[in-house]
Amino acid sequence: MTRVVAQGTFDILHPGHVHYLRDAKAMGDELHVIVARSVNVTHKEPPVVPDEQRREMVAALKPVDEAHLGHPEDIFVPIERIDPGVIALGYDQHHDEEKLQAALADRGIDCEIRRASPLDREDSDRLLSTGRIIDRVLKERS
């Protein structure tokens, strides 16, 4: 059995998240998703939705077998506990695959790293990022 780990902030769920998780699920037999804690989100605006609520929403998605909150101090703790065969990165996630592979090796974690495919963006009205959703809400509700 191949256990896959996907991870992200998943602040306001949108079709890009669903596509990523479907792709990740197709990489193995069991999908575990690590939902980043707000305190660890430093590469973009902090999440609007509280940690546990984001984890609960992700857990409810069909491709997800189990959703976990990330560790507040060490992002590798849940990965060590889950012991995946594959880590699935979103096609546009900011992770450097070589650095991630080296960090995993330093921790004795032996797994493959794969990237999910991009979602077709033909429909320009499609909201595929939390930032775009928030911008649209502010524009239309102001």
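1. Buried means under 20% relative accessible area. Threonine 9 has 7% relative accessibility, so threonine 9 counts as buried. This is a predicted model, and the points below should be read with that in mind. Threonine 9 sits in the loop between β1 and α1. Setting aside residues up to four places away in sequence, threonine 9 touches Val35, Ala36, Val41, His43, Lys44, Pro47 and Arg54.

2. Phenylalanine 10 shares that setting: the loop between β1 and α1. Its relative accessibility is 3%, so phenylalanine 10 counts as buried. The backbone deserves a look here. Phenylalanine 10 has a positive phi of about 55 degrees, although it is not a glycine. Most residues other than glycine have a negative phi.

3. Which aromatic pair does the structure hold? A search of the whole structure finds one. The ring centres of phenylalanine 10 and tyrosine 20 are 6.3 Å apart, with planes at 10 degrees, so the pair is stacked. The cut-off for stacked is planes under 30 degrees apart. The pair links distant parts of the chain. Phenylalanine 10 is in the loop between β1 (3-8) and α1 (15-26), while tyrosine 20 is in helix α1, ten residues apart. Both phenylalanine 10 and tyrosine 20 are buried.

4. Next, the largest pocket. Its volume is about 1100 Å³. There are 47 residues that line the largest pocket, and the closest to its centre are Gly8, Thr9, His43, Lys44 and Gln93. Thr9 is the buried loop residue of point 1. By class, the lining of the largest pocket divides into 20 nonpolar, 20 polar and seven charged residues.

5. Which elements give two or more residues to the lining of the largest pocket? They are β1, α1, β2 (30-35), α3 (76-82), β4 (86-89), α4 (97-106) and α5 (130-141). α1 gives the most, with four residues. Helix α1 also holds tyrosine 20 of the aromatic pair.

6. Helix α2 covers residues 51-59, and its Asp51, Arg54 and Val58 are buried. Why do these residues line one face of the helix? Seen down the axis of α2, the buried residues fall within an arc of 65 degrees, so they line one face. What covers the buried residues of α2 includes α1, β2 and β3 (66-69). Arg54 is also one of the residues that threonine 9 touches.

7. Valine 5 lies in strand β1. Its relative accessible area is 0%, so valine 5 is buried. Leaving aside neighbours within four places in sequence, valine 5 is in contact with His32, Ile34, Ile82, Pro84, Val86, Ile87 and Ala88. Valine 5 and aspartate 83 are 78 residues apart in sequence, yet 8.7 Å apart in space, C-alpha to C-alpha.

8. Aspartate 83 is found in the loop between α3 and β4. Is aspartate 83 buried or exposed? At 54% relative accessibility, against a cut-off of over 50%, aspartate 83 counts as exposed. Aspartate 83 has a positive phi of about 55 degrees although it is not a glycine. Phenylalanine 10 also has a positive phi of about 55 degrees. Phenylalanine 10 is buried at 3%, whereas aspartate 83 is exposed at 54%.

9. Serine 117 has its place in the loop between β5 (112-115) and α5. Its relative accessibility is 31%, so serine 117 counts as partly exposed. Where does serine 117 make its contacts along the chain? Not counting residues up to four places away in sequence, serine 117 touches His19, Asp23 and Tyr91. Serine 117 and histidine 19 are 98 residues apart in sequence and 8.4 Å apart in space, C-alpha to C-alpha.

10. Last, arginine 22, found in helix α1. Its relative accessibility is 56%, so arginine 22 counts as exposed. Tyrosine 20, also in helix α1, is buried. The C-alpha atoms of arginine 22 and valine 64 are separated by 8.5 Å, though 42 residues apart along the chain.

Methods:
Residues are numbered from 1 along each chain as its sequence is written. This is a predicted model: local features need pLDDT of at least 70, side-chain atom pairs count only at pLDDT 80 or more; totals for chains, interfaces and linings use all residues. Side-chain values use heavy atoms; hydrogens and water are left out. Rings of Phe, Tyr and Trp (its six-membered ring) pair if their centres lie within 6.5 Å; planes under 30 degrees apart count as stacked, over 60 as edge-to-face and the rest as tilted. Buried means under 20% relative accessible area, exposed over 50%, partly exposed in between (1.4 Å probe, protein chains only). On a 1 Å grid over the protein atoms alone, a cavity is a set of points where a 1.4 Å probe fits but cannot get out, and a pocket is an open set with protein on both sides within 12 Å along at least five of seven lines; lining residues have an atom within 4 Å of a point. Grid points are joined across faces, edges and corners, and a volume is the space filled by probe spheres set on the points. Ala, Val, Leu, Ile, Met, Phe, Trp, Tyr, Cys and Pro count as nonpolar, Asp, Glu, Lys and Arg as charged, and the others, Gly among them, as polar. The arc is that of the directions from the helix axis to the C-beta atoms. Contact means heavy atoms within 4.5 Å.
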